Amino acid sequence: MQTKTSSTHDYSTTLNLPEPDRKNPNGLDTSQSGIPLRANLAQRELQFLDFWSRENVNAERLNTDTSQGSFILHDGPPYSNGNIHIGTAMNKILKDIIVKYKAMQGFYAPYVPGWDNHGLPIETAVTKEFREKKLVPTSTELRKRCREYAADWVQKQKEQFKRLGIIGDWDNPYLTMHPKFEAAILDVFADLVGKGFIYRGVKPVHWCVTDRTALADHEVEYADRTDSSIYVRFPVANDPHNVFDGYSLGKCYIAVWTTTPWTIPANVALAVNPDFDYAVIEYKGDRYVVATGRLQSLAQCFGDEPTVLRIVPAQDLAGMVSVHPILPRKSPVVFADYVTLADGTGVVHTAPGHGREDFMTGQKYGLPTLSPVDDAGRFTVDAGNSLEGLTIWEGNKAVIDLLEQAGALLAREEITHSYPHCWRCHHPVIFRATAQWFMSIDHDGFRAKALACIKDVAWYPSESVNRINAMVGGRPDWCLSRQRAWGVGIPVFYCEQCDGEVLSKEIILHVRDLVAEHSSDIWFEKAAEDLLPVGYCCPKCGGSKFRKETDIFDVWFDSGSTNVAVLASGRWPELSWPADVYLEGGDQHRGWFNSSLMVGVATKGSAPYRQVVTHGWTLDEKGKAMHKSVGNAVAPDEIVTKFGADVLRLWVGSSDYLADVRLGKNVVEQVAESYRRLRNTLRFGLSNLYDFNPDFDAVAYSHLPSIDKYALHLLAKLIADVTSFYDVYEFHRATQAIHQFCTTDMSAFYMDIVKDRLYADGTSSLSRRSAQTVLFEVTSSLSRMLAPVLSFTSEEVWQKLNLPGKPASVALAAFPTSRVEFISEELDRKWLELRRLREEVFKVIETARQAKEIGKPLEASVTVAADGDTYELLTSIEGELSALWLVSEVIVERSPGATSISVKPATGVKCGRCWLVKRDVDEGSALCGRCRNVLENDCPE
Ligand SMILES: [Zn+2]
Ligand SMILES: [Zn+2]
Ligand SMILES: [Zn+2]
């Protein structure tokens with residue numbers, strides 16, 4: 001064998017081995033300049049949390065370069081009633097990524113987190129506590145306990161968010177229950193009152209009879225429910241267009257269909273579509289009017305082939321009046337274009353007190369809005385003596401019985417249909433007309449203005465604009481009233497003498513001042529006279545006795561007001577209105593994006609945000625929604641304690657969150673694996689920089705070998721790509737690009753190739769310093785590019801980076817800029833071809849190795865016979881080829897025809913230091929010429 005080594009020499013200590021791998025003769029830990037292979041994040045991260053707090057990174061980042069101006073991310077407040085779940089964690093991490101990125105980009109980017117505190121879920125939980133203790137609290141006691149309950153969860157969630165590495169003004173967050181915030185809500189209300197947006201109206205609203213409160217549209221969820229659907233006939237009393245052709249009116253009827261029999265007592269009209277034709281049919285001696293288009297579907301009422309006497313246009317039904325089948329009341333025919341042929345008879349039973357469309361029709365025709373149902377869902381005396389006191393669910397059957405007795409029931413059947421349910425108690429809800437406070441959406445062209453403002457906002461993803469458009473375009477007036485205790489009281493007074501309402505901007509501002517000082521508790525604790533200015537008299541009758549409104553504001557009015565109360569109040573001087581970005585889940589097009597837009601446009605004339613980012617839901621690995629009860633929920637804490645917050649952050653940063661995202665055991669394992677790859681790349685860079693000071697040791701670009709220039713070219717392109725992805729909130733594409741760079745361009749390519757130079761060349765040699773120059777740029781840039789996502793690991797790397805005068809924390813460092821002078825398309829083309837050839841060479845080496853023609857690839861000699869461009873290309877970097885191909889020797893020969901590659905064992909002796917097989921190995925020292933030279937001139941020891 002030609003390859004032999006002298007075993008009498010151990011040159012390993014003369015190599016520039018990477019720091020963490022160095023064996024220290026005293027057995028001491030010498031890894032100060034590197035980072036350990038095992039991340040052990042769950043423990044290590046805690047040190048960085050302390051460090052950031054100690055260094056006051058949140059405040060300090062506002063003192064770094066802010067030349068790009070301000071960038072305000074306004075936090076959508078989570079509700080303070082439980083541990084954070086994976087969706088909340090994702091939401092907050094995404095926000096943190098944005099704020100950190102913007103701060104590093106030179107923006108003044110303060111982050112003030114907030115919480116939503118008022119509302120039913122907390123009130124329900126607290127009420128339950130009292131009930132379990134068999135106590136009946138006063139409203140003051142109840143509210144006091146609600147306040148404590150909310151404060152307790154704010155504290156817990158705060159710690160949970162901080163543990164995720166989210167940096168913000170945690171000592172000074174906004175809370176919607178803070179007296180100053182409650183006062184700000186009243187400022188908004190006063191403004192709306194002054195502008196004429198607010199009115200009190202009797203209107204049908206979604207009403208939960210269990211919780212005894214009005215519900216907003218978004219507090220309603222749909223679920224299947226089985227109900228009796230009935231066909232009912234209304235006797236005709238007046239037929240002005242002689243539709244029934246003179247037939248005895250006692251035998252003429254209009255047929256209707258309904259799935260809510262309990263609303264029949266509130267019937268005041270029958271609606272037909274003005275564009276339909278209606279048939280007059282005869283069945284068992286009686287005559288009926290139904291839509292022609294529904295005839296085929298009414299066999300259960302009229303048999304298979306009813307006799308059609310004539311067909312008339314809907315207009316002929318104008319003025320027709322029927323009689324209510326069980327109450328002494330008329331029910332006229334009216335026109336409504338929402339009447340369809342999808343089901344029923346083409347004539348719609350109309351009860352304005354129990355339906356939104358019915359209500360609009362009622363307004364149009366001046367019909368009464370009857371709602372003979374109380375808060376608990378029981379019929380009042382107005383429904384008739386025999387129904388009074390029954391619940392509407394009992395009422396369904398009772399009404400059917402009454403109709404049957406009256407001979408008005410044509411048919412009945414059980415149907416299963418999608419029906420609104422309360423999102424809180426999951427019981428079916430009803431539409432019920434009650435007196436409520438509203439914000440008018442069509443006041444003074446407001447809806448059109450709000451829709452126009454939507455156009456000025458950048459929506460991510462772009463199609464999400466359709467959702468907000470649909471929500472604002474179709475939304476009813478905003479019902480601001482809730483009949484609850486835990487919230488801000490609506491500051492309206494009623495005169496005891498004339499019952500007139502006092503809805504006045506000045507009076508509201510008077511109450512506002514009291515609330516700012518004492519919290520909204522004062523509204524519940526003091527009498528009306530103590531809340532009004534001294535000596536106040538009713539402007540209508542001069543009376544001086546008043547009672548207070550008992551409704552509180554919808555909590556969405558609280559959160560809808562955060563843009564004014566937080567960004568524009570001056571309480572946080574670092575903030576300003578409007579926000580640059582809102583980022584929340586898709587349901588907020590109905591909720592917070594919508595309510596904020598209403599308040600922003602009404603009070604300030606434009607949208608409260610410049611950009612809105614919508615994220616998807618968090619699902620399990622099978623694509624199912626996570627639920628505690630199903631057992632597929634992954635708690636953020638589980639991941640943090642097992643893998644570390646950085647792994648959770650990397651999952652968020654590498655998910656295409658604009659759509660729904662998935663999480664489960666396998667996904668976490670995959671993310672943990674890609675974390676390890678990123679960490680390894682950073683670790684390699686750092687561990688080879690222990691003796692590198694960029695101020696003294698960096699090599700000028702022009703002196704770098706081609707492959708080093710190419711590595712810097714790849715880095716510059718990566719920085720440009722990553723920056724553009726971060727700019728449009730596509731973090732998963734940024735992390736993907738970084739991951740690709742680390743694994744393909746660095747670990748499997750550049751870092752593999754420069755190992756020989758780094759370890760075996762002279763410590764201060766140009767070749768080694770060149771590689772270190774590149775590794776320094778790469779490691780320093782990667783740590784900063786990854787800092788918004790991998791905040792902990794980036795900090796760990798940053799602390800070890802030998803960069804004189806560096807900022808104390810990576811969060812205070814500038815985001816790397818893409819150096820255009822490093823970008824070279826020529827280098828790119830050249831190295832693309834060299835990398836292709838490298839793969840070919842590797843294939844030939846592998847074949848030869850398997851055929852046992854060579855031993856270790858490192859000890860091989862490769863001969864390439866090539867011509868033309870390939871020959872020119874290879875000879876242009878001939879000295880670098882053996883390092884590039886990880887072999888001992890490369891011979892390039894000019895030869896016409898196709899390129900051919902051959903491999904054989906290298907001729908010579910294996911160097912005892914660098915293990916390459918060289919012809920110039922000295923027999924005594926067992927060193928090759930390069931290594932002899934290094935040891936003579938530049939021994940590292
Ligand atoms: Zn309910
Ligand atoms: Zn009065
Ligand atoms: Zn050697």
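This report describes two zinc sites, one pocket and several aromatic ring pairs in a predicted model.

**Zinc sites**

The zinc ion (ligand 1) is held by four residues, namely C208, D211, C422 and C425. Three of these donors are SG atoms, of C208, C422 and C425, while D211 contributes OD. The zinc ion (ligand 3) is coordinated through the SG atoms of C911, C914, C928 and C931. The table sets out the two sites side by side.

| Site | Donor residues | Donor distances | Donor angles | Spacing in sequence |
|---|---|---|---|---|
| zinc ion (ligand 1) | C208, D211, C422, C425 | 2.1 to 2.3 Å | 101 to 120° | C-x2-D-x210-C-x2-C |
| zinc ion (ligand 3) | C911, C914, C928, C931 | 2.2 to 2.4 Å | 105 to 116° | C-x2-C-x13-C-x2-C |

Why is the arrangement around the zinc ion (ligand 1) tetrahedral? Its four donor atoms subtend angles of 101 to 120°, and this makes the arrangement tetrahedral. Four donors count as tetrahedral if all angles lie between 85 and 135 degrees. The zinc ion (ligand 3) is also surrounded tetrahedrally, because its donor atoms subtend angles of 105 to 116°. For four tetrahedral donors, the ideal angle at a metal is 109.5 degrees.

In the site of the zinc ion (ligand 1), D211 belongs to the loop between strand 3 (198-208) and strand 4 (213-215), whereas C422 belongs to strand 14; the pair therefore ties together parts that are 211 residues apart in sequence. D211 counts as buried because its relative accessibility is 14%, and C422 counts as buried at 0%.

In the site of the zinc ion (ligand 3), C914 is found in the loop between strand 30 (909-910) and strand 31 (917-918), and C931 in helix 29 (residues 929-937), so this pair ties together parts that are 17 residues apart in sequence. Both C914 and C931 are buried.

**The second largest pocket**

The second largest pocket has a volume of about 1200 Å³. It is lined by 36 residues, of which T259, T260, G355, E357 and D358 are the closest to its centre. Several elements give two or more residues to this lining, including strand 5 (220-238), strand 6 (252-258), helix 8 (356-365) and strand 15 (430-439). Which strand gives the most to the lining of the second largest pocket? Strand 14 does, with five residues. Strand 14, which spans 409-422, is also the strand that holds C422, a donor to the zinc ion (ligand 1). By residue type, the lining of the pocket comprises 16 nonpolar, 14 polar and six charged residues.

**Aromatic pairs**

A search of the whole structure finds 34 aromatic pairs. In one of them, the ring centres of Y288 and F302 are 4.8 Å apart and the ring planes lie at 50°, so the pair is tilted. This pair links distant parts of the chain, since Y288 is in strand 9 (residues 286-291) and F302 in helix 7 (residues 299-302), 14 residues apart. Y288 and F302 are both buried.

Another pair, Y729 and F731, has ring centres 6.4 Å apart and planes at 85°, so the pair is edge-to-face. Y729 counts as buried because its relative accessibility is 2%, and F731 counts as buried at 1%. Ring pairs also link Y729 and F731 into a cluster with Y101, Y460, Y657, Y726 and F815.

Key:
Residues numbered from 1 in each chain as written. Chains lettered and ligands numbered in written order. Predicted model: local features only at pLDDT ≥ 70, side-chain atom pairs only at ≥ 80, totals over all residues. Heavy atoms only, no water. Donors = N, O, S within 2.8 Å, 3.2 Å for Na, K, Ca; no water. Tetrahedral: all angles 85-135°; square planar, octahedral: opposite > 155°, others 65-115°. Helix = DSSP H or I, 4+ residues; strand = E, 2+ residues; numbered from the N terminus. Buried < 20%, exposed > 50% of the residue type's maximum accessible area, 1.4 Å probe, protein only. 1 Å grid on protein atoms, 1.4 Å probe; cavity = no way out; pocket = protein on both sides within 12 Å on 5 of 7 lines; lining within 4 Å. Points joined across faces, edges and corners; volume = space filled by probe spheres on them. Nonpolar A, V, L, I, M, F, W, Y, C, P; charged D, E, K, R; others polar. Phe/Tyr/Trp six-rings, centres within 6.5 Å; stacked < 30°, edge-to-face > 60°.
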